[in-house]
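Open the model in your viewer and keep the sequence panel beside it. The stops below say what to select and what is there.

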Amino acid sequence: VRSPIRVGEASGLIGAGVLTGLCGIGLAYLLPRLPGLAGRIDTRDHAASAQVAFRFNSFIGLALAERLAGAQGLQMIAVLIGVCVPLFNIAAVWPMARAGQHGFLKELARNPLIVATATGLAANLLGFRIPGWME
């Protein structure tokens, strides 16, 4: 919330991050349906392991971005995290909820990372700012 996001300026970066992530999600979801693998991958095992196809380590990304591109790189990776983390976590919750026969929306509402990241992104886009004394 400290740094306002200029969506127009970040749209290319956001588009690239989302498209890359969607490719990983699609490939992960497609894997158990491929010829030769269909029926051989347990639904629960697939749900638990598919996440590694599209989730990334935010902490490493933040450290590398700051080291390689300074404050601007840090802001860029923060935008990617804010947009991609909710998307990727939603994509990770869906197969797990389905395999565990739990309600998808209930599982989303219980996921603290999705709730916190989506709330922070919404607060930023709505223009909320942290008061100076709180920083």
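How much accessible surface does the chain have, and what share of that surface belongs to carbon and sulfur atoms? The total is about 8,900 Å², and carbon and sulfur atoms hold 65% of that area. Keep in mind throughout that this is a predicted model.

**The whole chain**

Begin with a cartoon view of the complete chain. There are 5 helices and 0 strands, so the order of elements from the N terminus reads α-α-α-α-α, by the DSSP runs used here. Along the principal axes, the C-alpha atoms fill a box of roughly 55 × 30 × 25 Å. The chain has 135 residues, and 30% of them count as buried. Among contacts with a separation of 6 or more, 70% are between residues 24 or more positions apart.

Next, colour the charged side chains. The chain carries 11 positive and 6 negative ones. The centres of these two sets are 5 Å apart.

**Aromatic pairs**

Now show the aromatic rings. How many aromatic pairs are there? The count is 2.

Select Y29 and W94 for one of them. Their ring centres are 5.3 Å apart and the planes meet at 45°, which makes this pair tilted. Y29 belongs to helix α1, residues 7-30, while W94 sits in helix α3, residues 58-99. The two positions are 65 residues apart, so the pair links distant parts of the chain. W94 is partly exposed because its relative accessibility is 34%, between the 20% and 50% limits.

Then select F54 and F88. This pair is edge-to-face, with 6.1 Å from centre to centre and 70° between the planes. F54 lies in the loop between α2 (43-49) and α3, and F88 is in helix α3. Here too the pair links distant parts of the chain, with the two positions 34 residues apart. Both F54 and F88 are buried.

**The cysteines**

Select C23 and C84. Why do these cysteines form no disulfide? The sulfur of C23 has its closest cysteine sulfur in C84, at 12 Å, which is too far for a bond; a disulfide needs the two sulfur atoms within 2.5 Å. The count of disulfides in the chain is accordingly 0.

Are C23 and C84 buried or exposed? C23 is exposed, because its relative accessible area is 52%. C84 counts as buried, because its relative accessibility is 2%.

**Two neighbours in helix α3**

Return to helix α3 and select L64, which is found there. L64 counts as partly exposed because its relative accessibility is 47%. Add L74, which is 10 residues away along the chain. The C-alpha atoms of L64 and L74 are separated by 8.5 Å.

Move on to A65, also placed in helix α3. At 13% relative accessibility, A65 falls under the 20% limit and therefore counts as buried. Which residues does A65 touch, leaving out those up to four places away in sequence? They are G70, G73, L74 and I77. Select I77 and compare positions: A65 and I77 are 12 residues apart along the chain, and their C-alpha atoms are separated by 6.6 Å.

Definitions and conventions: Residues numbered from 1 in each chain as written. Predicted model: local features only at pLDDT ≥ 70, side-chain atom pairs only at ≥ 80, totals over all residues. Heavy atoms only, no water. Phe/Tyr/Trp six-rings, centres within 6.5 Å; stacked < 30°, edge-to-face > 60°. Helix = DSSP H or I, 4+ residues; strand = E, 2+ residues; numbered from the N terminus. Buried < 20%, exposed > 50% of the residue type's maximum accessible area, 1.4 Å probe, protein only. Contact = heavy atoms within 4.5 Å. Areas by Shrake-Rupley, 256 points an atom, 1.4 Å probe, with all protein chains shown as cover. Lys, Arg positive; Asp, Glu negative; His and termini not counted. Charge placed at Lys NZ, Arg CZ, Asp CG, Glu CD.
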